[in-house]
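Biologist: I should like a close look at a single part of this model, followed by an account of how that part sits within the whole. Please give the cut-offs behind each term as you come to it.

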Amino acid sequence: FKVDYEADLPIGTLNTGIDGTYIFNLREKVAPATPIASILNTQYNPVDLKLRAQGILRHGNFDFGVFVNYVNSYHDNRSAPATPISSWLTFDLSADYRFDAESASYLRETAVTLSVTNVADTNPPFVASPQPVLTPGLTFDGANANVWGRVISLQLTKQW
């Protein structure tokens, strides 16, 4: 689902919104003789709810964005009782400048973007390694999180 709203303010145009995915059920059958099992909200499989909210302010040639990312909690069902895995909340920022048609010919149709992903450097939730002997340091679920931490990037885009 996606909901967004745009408003003209005295300081520029504000675009706010939220994108999300909600999965009602996800089942698998490994072999014809095995029962159907629900794998939703289990380690290394999709979780039922993921959200990304945004607030982007456009003022002249500048865009400033704030983004909030959410992954719902779920369970590691490899033991009984299942181990809870925490939800994951991160924040991203971006600033963008677009050169306009009146700019020098080499800057026309050019944009510069500075982005910071996972601003607070939030660690992903702990998930025990699936193969402790082979991958002892693997303590996160790559299907629902990443271990990159804070990433700062500068991008230059030129159209012609």
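Modeller: Asp121 is a suitable part to examine, and this residue is found in the loop between E10 and strand E11 (151–158). Strands are DSSP runs of type E with at least two residues, helices are runs of type H or I with at least four, and both are numbered from the N terminus. The model is predicted, so that local features need pLDDT of at least 70 and side-chain atom pairs count only at pLDDT 80 or more, whereas totals for chains, interfaces and linings use all residues. Residues are numbered from 1 along each chain as its sequence is written, and side-chain values use heavy atoms, with hydrogens and water left out.

The backbone of Asp121 has a positive phi of about 55°, although the residue is not a glycine. Most residues other than glycine have a negative phi, and most peptide bonds are trans. Asp121 counts as partly exposed because its relative accessibility is 37% (buried is under 20% relative accessible area, exposed is over 50%, and partly exposed lies in between, with a 1.4 Å probe and protein chains only). Once neighbours within four places in sequence are set aside, Asp121 is in contact with Gly149 and Arg150, where contact means heavy atoms within 4.5 Å. Arg150 stands 29 residues from Asp121 along the chain, yet 4.6 Å separates their C-alpha atoms.

On one side of this loop lies strand E10 (residues 110–117), which holds Ser115. Ser115 has a relative accessible area of 18% and is therefore buried. With neighbours within four places again left aside, the contacts of Ser115 are Leu93, Ser94, Val151, Ile152 and Ser153.

Both strands that flank the loop belong to an open sheet of seven strands, whose order is E1-E2-E5-E6-E9-E10-E11 with antiparallel pairing (two strands pair if DSSP finds at least two bridges between them). Strand E1 (2–9) and E11 stand at the edges with a single partner strand each, so one side of each is left without a neighbour in the sheet.

Elsewhere in the sheet, strand E2 (residues 12–22) and strand E5 (residues 49–59) run antiparallel and are joined by 10 bridges. Leu14 has Leu57 of E5 as its bridge partner, and Thr16 stands opposite Gly55 in E5. Strand E5 is also joined by 10 bridges to strand E6 (residues 62–71), again in antiparallel fashion; here Arg52 is partnered by Asn69 of E6. The hairpin of E5 and E6 has two residues between the strands, and Gly60 in this hairpin takes a positive phi near 65°.

Two further backbone features may be set beside Asp121. Tyr44 is a residue other than glycine with a positive phi, in this case near 65°. Tyr44 lies in the loop between strand E4 (37–38) and E5, and its relative accessibility of 30% is why it counts as partly exposed. A cis peptide bond, with omega of about -5°, joins Ala80 and Pro81. Pro81 is in the loop between strand E7 (74–76) and strand E8 (83–85).

The nonpolar interior comes next. In soluble globular proteins, nonpolar side chains tend to be buried together. The largest nonpolar core consists of seven residues, namely Val47, Val71, Tyr74, Ile85, Trp88, Val127 and Ala145 (such a core is a set of buried Ala, Val, Leu, Ile, Met, Phe, Trp, Tyr and Cys residues joined through side-chain atoms within 4.5 Å). Beyond its neighbours within four places in sequence, Tyr74 is in contact with Asn41, Thr42, Gln43, Val47, Thr83, Pro84, Ile85, Val127, Asp141 and Asn144.

Finally, the protein as a whole contains 11 strands and zero helices. Its C-alpha trace spans about 70 × 35 × 30 Å along the principal axes. The radius of gyration is 21 Å, whereas a compact globule of 160 residues would have one near 15 Å (taken over C-alpha atoms, with a globule rule of 2.2 Å times the number of residues to the power 0.38). Of the 160 residues, 26% count as buried. Among contacts with a separation of 6 or more, 54% come from residues 24 or more positions apart.
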